[in-house]
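Here is a short tour of the model you are about to see. Keep the structure open beside the text and follow along from stop to stop.

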Amino acid sequence: MTIKLQIYKCNICGNIVQILNPGDGNLICCGQEMEHLKIQYDNSELGEKHTPKYTFKENEKFVSVIGHPMTTEHYIQFIETYTRDKNEVHIKFFYPDELPEMNITFMPEANDTIEYCNIHKLWGNNVMLENEKGDFSI
Ligand SMILES: [Fe+2]
């Protein structure tokens, strides 16, 4: 049984899929079950480099991954944020040498933002925003 917005990866061919409509079946790719990518939360140095951060510039809101390499070998492939009910999703894909930053139009809450590193996989932000009720200053 899958859950809406879960992410799975095939460790043979590299396919990454996200659940848009949950079902009872197992996800198979290249003849084997796909890996369910669990969202990692970590206060270590590695976690610090992978945790999506919110920033506010005037009336605009951004989510970015700060201090992570963006080389051909090691980079942030995408950032995704969604509303608490998971009915609205914003995703942006990145390529080496780009700035891993995405403009968002709604106010994120804790656990509602993830990023995917091509080496260290899926990471999330579990820091509750002090100002989540609408004060955009940090
Ligand atoms: Fe990484």
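A hairpin is a good place to begin: strand 6 and strand 7 form one, with two residues between them. In this predicted model, Glu58 sits in the turn and has a positive phi of about 55°. The two strands, residues 53–57 for strand 6 and residues 60–64 for strand 7, pair in the antiparallel sense over five bridges. One of the residue pairs to look for is Lys57, whose bridge partner in strand 7 is Glu60.

Which strands make up the open sheet around this hairpin, and in what order? There are three, in the order 6-7-10, and their pairing is antiparallel. Strand 6 and strand 10 (101–104) are the edge strands, each pairing on one side only. From one strand to the next, the twist averages 30°. Strand 7 is joined to strand 10 by four bridges, again in the antiparallel sense. Here Ser64 stands opposite Glu101 in strand 10.

There is a further open sheet to visit, also of three strands, with the order 2-1-5 and antiparallel pairing. Its edge strands are strand 2 (16–18) and strand 5, each of which pairs on one side only. The twist in this sheet averages 30° from one strand to the next. Strand 1 and strand 2 are paired in the antiparallel sense over three bridges, and Tyr8 has Val17 in strand 2 as its bridge partner. As a reminder, strands of a sheet pair through backbone hydrogen bonds, either parallel or antiparallel.

Now step back to the whole chain. The secondary structure of the protein chain comes to one helix and 12 strands. Read from the N terminus, the elements run β-β-β-β-β-α-β-β-β-β-β-β-β. Of the contacts between residues at least 6 apart in sequence, 48% join residues at least 24 apart. Buried residues account for 18% of the 138 residues.

Where do the buried nonpolar residues gather? The largest nonpolar core has 11 residues in all: Tyr54, Val63, Val65, Tyr75, Ile76, Ile79, Met102, Ile114, Tyr116, Cys117 and Trp123. Strand 8 (76–82) and strand 11 (113–117) are the elements that give two or more residues to this core. The largest share, three residues, comes from strand 11. In soluble globular proteins, nonpolar side chains tend to be buried together.

Ile79 is a useful core residue to centre the view on. Not counting residues up to four places away in sequence, Ile79 touches Pro52, Val63, Val65, Lys92, Pro100, Met102 and Glu115.

Another residue worth a stop is Gln40, in the loop between strand 5 (35–37) and helix 1 (45–50). Is Gln40 buried, exposed or partly exposed? Gln40 counts as partly exposed because 17 C-beta neighbours lie inside 10 Å, a count that falls between the limit of 12 or fewer for exposed and that of 20 or more for buried. Leaving aside neighbours within four places in sequence, Gln40 is in contact with Gly47, Leu122 and Trp123. Trp123 is also one of the core residues listed above. Gln40 and Glu115 are 75 residues apart in sequence, yet their C-alpha atoms are 9.9 Å apart in space.

Two residues outside the hairpin also invite a look at the backbone. Leu5 has a positive phi in a residue other than glycine, and Cys30 has a positive phi although it is not a glycine. The table puts them side by side.

| Residue | Phi | Place | Other C-beta atoms within 10 Å | Exposure |
|---|---|---|---|---|
| Leu5 | near 75° | segment before strand 1 (7–9) | 14 | partly exposed |
| Cys30 | about 55° | loop between strand 3 and strand 4 (32–33) | 11 | exposed |

Finally, how much confidence does the predictor attach to all this? The mean pLDDT of the protein chain is 88, and 88% of its residues reach 70 or more. Confidence is highest in strand 3 (residues 28–29), at 98, and lowest in strand 6, at a mean of 82. Strand 6 is the hairpin strand where this tour began. Please take care with residues 128–138, where pLDDT stays under 50. For that stretch, the model has 14 contacts beyond four places in sequence.

Terms used
Residues are numbered from 1 along each chain as its sequence is written. This is a predicted model: local features need pLDDT of at least 70, side-chain atom pairs count only at pLDDT 80 or more; totals for chains, interfaces and linings use all residues. Two residues are in contact if their C-beta atoms, placed from the backbone, lie within 7 Å. Two strands pair if DSSP finds at least two bridges between them. Axes are lines fitted to C-alpha atoms, for helices over the stretch in contact, and angles run from 0 to 180 degrees between N-to-C directions. A nonpolar core is a set of buried Ala, Val, Leu, Ile, Met, Phe, Trp, Tyr and Cys residues joined through C-beta atoms within 7 Å. pLDDT is the predictor's confidence in each residue, from 0 to 100.
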